[in-house]
Amino acid sequence: MTTAATRPSDRRVSPVFLGILAVSAVTGWATWTGFAAEPGLAVFLFVTSAWIVSLCLHEYAHARTALHGGDISVGAKGYLTLNPMKYTHALLSIVLPVLFVIMGGIGLPGGAVFIERGRIRGRWRHSLISAAGPLTNVLFAVICTAPFWLGALDGVPPAFRFALAFLALLQVTAAILNFLPVPGLDGYGVIEPWLSHAVRRQVEPFAPFGLLFVFALLWVPSVNGVFFDMIDSVLRFLCIEEIDTYCGFNLFRFWQGADEFCGV
């Protein structure tokens, strides 16, 4: 297993990931320059591909941290290639998160890497492995919002500005949802090593349903309102106004027709 985990092919960036990255770059350029006849389609492809890139980086961060923590099996499993098809089931890893973005503009956590926890020594390492993924979303959000809080929006085309704002919203929602201390989510993984064995055994059966529980709660109007008020507060702190995310979501759902209010 040690030999297999150190093969160069186990760490070579996947052509699938490079292809998605290329789509993100090309459609980002099309959104910026106005080259696309339909800006909404360009925004949809740009945000979707960039969102998938962030999902891959999220799972890669888990795997890379686990590798340094002692789990050398992640290489042989293909987790270091950034191939989205390696992160559990394609439906759970890619399709569902994209569908949730389309349905409600929520950055649903997607995918998973199976860490051989028995190889990891030390509670801090276990916690760091779990935290690495959502911290990647935090970093992604900081990058997306940098033009806003740096006051560097002069000359930025409105469509690209709105796309960045909506992409930032997805990263913020993904980070917050992932950090919830709910079994099955990364937030619980951060605190789990510090819980007693008895508590962990009692909680373990609920882990497969944690994400479904959170999603069900978000359909409750009062909970949904509180959640998005919190998201709006974070985005306002990062100098993104609600109109930016609204227009970004409106352009993203191009099949509904552009809102003239957004002026694109």
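Me: Hi! What is the handedness of the disulfide between cysteine 247 and cysteine 262, and why?

Reply: Hello! This is a predicted model, and in it the torsion about the S-S bond of cysteine 247 and cysteine 262 is about -95°, so the disulfide is left-handed.

Me: What is the S to S distance there?

Reply: It comes to 2.1 Å between cysteine 247 and cysteine 262.

Me: And where do the two cysteines sit along the chain?

Reply: Cysteine 247 is in helix H12, which covers residues 242-252, while cysteine 262 is in the segment after H12. They are 15 residues apart, and the pair links distant parts of the chain.

Me: Are those two buried or exposed?

Reply: Cysteine 247 and cysteine 262 are both buried.

Me: How many disulfides turn up in the whole structure?

Reply: Searching the whole structure gives one disulfide.

Me: OK, then why is cysteine 56 without a bond to another cysteine?

Reply: The closest cysteine sulfur belongs to cysteine 144 and lies 15 Å from the sulfur of cysteine 56, which is too far for a bond. A disulfide needs the two sulfur atoms within 2.5 Å.

Me: What about cysteine 144, where is its nearest cysteine sulfur?

Reply: That sulfur is in cysteine 239, 15 Å away, and cysteine 144 is in no disulfide.

Me: Are cysteine 56 and cysteine 144 buried or exposed?

Reply: Cysteine 56 has a relative accessible area of 1%, so it is buried. Cysteine 144 is buried as well, with a value of 4%. The cut-off for buried is under 20%.

Me: Great. Switching to pockets: how much space is in the second largest one?

Reply: The second largest pocket holds about 200 Å³.

Me: Which residues are closest to its centre?

Reply: Those are Leu169, Phe228, Thr245, Tyr246 and Phe249, out of 10 residues that line the second largest pocket.

Me: Which elements give two or more residues to that lining?

Reply: H7, helix H11 (221-237) and H12 do. The largest share is from H12, with four residues. H12 is also the helix that holds cysteine 247 of the disulfide.

Me: Now the surface. Which residues make the nonpolar patch?

Reply: Leu135, Val138, Val142, Trp149, Leu150 and Phe179 make a nonpolar surface patch of about 510 Å².

Me: Where is phenylalanine 179 found?

Reply: Phenylalanine 179 is in the loop between helix H7 (158-178) and helix H8 (186-191).

Me: And how accessible is phenylalanine 179?

Reply: Its relative accessible area is 33%, so phenylalanine 179 counts as partly exposed. Residues in a patch need over 30%.

Methods
Residues are numbered from 1 along each chain as its sequence is written. This is a predicted model: local features need pLDDT of at least 70, side-chain atom pairs count only at pLDDT 80 or more; totals for chains, interfaces and linings use all residues. Side-chain values use heavy atoms; hydrogens and water are left out. Patches are made of residues with over 30% relative accessible area and no salt bridge: like charges are joined within 9 Å, nonpolar side chains (Val, Leu, Ile, Met, Phe, Trp, Tyr) within 5 Å. Accessible areas come from the Shrake-Rupley method with a 1.4 Å probe; for residues, only the protein chains shown count as cover. A salt bridge is a side-chain nitrogen of Lys or Arg within 4 Å of a carboxyl oxygen of Asp or Glu. Buried means under 20% relative accessible area, exposed over 50%, partly exposed in between (1.4 Å probe, protein chains only). On a 1 Å grid over the protein atoms alone, a cavity is a set of points where a 1.4 Å probe fits but cannot get out, and a pocket is an open set with protein on both sides within 12 Å along at least five of seven lines; lining residues have an atom within 4 Å of a point. Grid points are joined across faces, edges and corners, and a volume is the space filled by probe spheres set on the points.
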